[in-house]
Amino acid sequence: MAQLVLHGGAGGAIADRPQRQAAVDRALDAGWAVIGESALAAVQAAVRQMEDEPLLNAGVGAALTQDGTIELDASIMDGTELRSGAVAGVRDLRHPVDAARAVLDDGRHLLLIGEGASRLAAAAGVARCEPGTFATDRQVKRWEAADTVGAVARDDGGRLAVAVSTGGVAGKLPGRVGDSPLIGCGFYADDRLGAACATGVGENFMRLVLCHRAVLEMASMDAEAALSSAMDLLSSRLGATGGMVAIDRDGGMAARFTTPFMPWAQRSG
């Protein structure tokens, strides 16, 4: 049996909640349409769809830096062989998650930044675009972020995968990199344990290496308990809030958030 769970970012914004949930539901459909191919294909497709949603903080909805520019991060991980690929600080790639997949498929490195990431992605056929493509009227006017988007999947073969994409924290310093492209911090997947991805202020997840910690806990507890433990630690140790979604090795799905809102969706079958 296959499972897919995803989120559109944990935050406190009151506006646009139904529309943001609808965007996540569309991403669920996009990922589910290809889950028969593989868990890796499903998370890539789901996150790719969310990069096309202006109300989510990824791709065309990405948050702006304090200079009013766009710098995008994304990652993807295969839990079977622990292969991973990530990009950070890219400005001219239409779908950063596709670039992360290109890094994974290339296999030489785990993380590429800036122009180097763009060059490898373009050589692999990933579409490039003008940086201004991502600065929507909404982002320019409001400069708000709905945090990272992410997806976790388990296919019929029991293979786990995770993918995330983000514009980062609104008003961030140019050059800032958060948890989303850092393995173990904003994402992690291991078929023997489980898979998880996070949303919130990345520096907090980086300090705790929280996704890796949550996945390790799935050795002795299910996804729901592991995420509850992770969110409790985030609050008690750092006084921070955020959200996570996860699937354990047995196919148990979970979503937890300590912010006022996090659009998320799941499907199993």
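Which residue in E6 is the bridge partner of Val152? Hi everyone, let me walk you to that one through the strand that carries Val152. One reminder before we start: this is a predicted model.

The strand I'd like to talk about is E5, residues 149-154. E5 is mostly covered, with six of its six residues buried. Looking at where they point, Val149, Ala151 and Ala153 go one way, while Gly150, Val152 and Arg154 go the other way. Yes, Arg154 is on the buried list too.

Now for the neighbours. Strand E1, residues 3-7, runs antiparallel to E5, and five bridges join the two. If you want one contact to find on screen, take Leu4, whose bridge partner in E5 is Ala153.

Then we have strand E6, residues 160-166, which also pairs with E5 in the antiparallel sense, over six bridges. And here is the reply to my opening question: Val152 has Val162 as its bridge partner in E6. E5 and E6 form a hairpin with five residues between the strands, and there Gly158 takes a positive phi near 80°. For those of you who like backbone torsions, please have a look at Gly158.

Let me finish with the cysteines. How many disulfides does a search of the whole structure find? The count is zero. Take Cys185, which is in no disulfide: the nearest cysteine sulfur belongs to Cys211 and is 8.1 Å away, whereas a disulfide needs the two sulfur atoms within 2.5 Å. Cys185 is buried, at a relative accessible area of 8%. Cys129 is buried as well, with a value of 16%.

Thanks for listening, everyone!

Definitions and conventions. Residues are numbered from 1 along each chain as its sequence is written. This is a predicted model: local features need pLDDT of at least 70, side-chain atom pairs count only at pLDDT 80 or more; totals for chains, interfaces and linings use all residues. Side-chain values use heavy atoms; hydrogens and water are left out. Buried means under 20% relative accessible area, exposed over 50%, partly exposed in between (1.4 Å probe, protein chains only). Helices (H or I, at least four residues) and strands (E, at least two) are DSSP runs, numbered from the N terminus. Two strands pair if DSSP finds at least two bridges between them.
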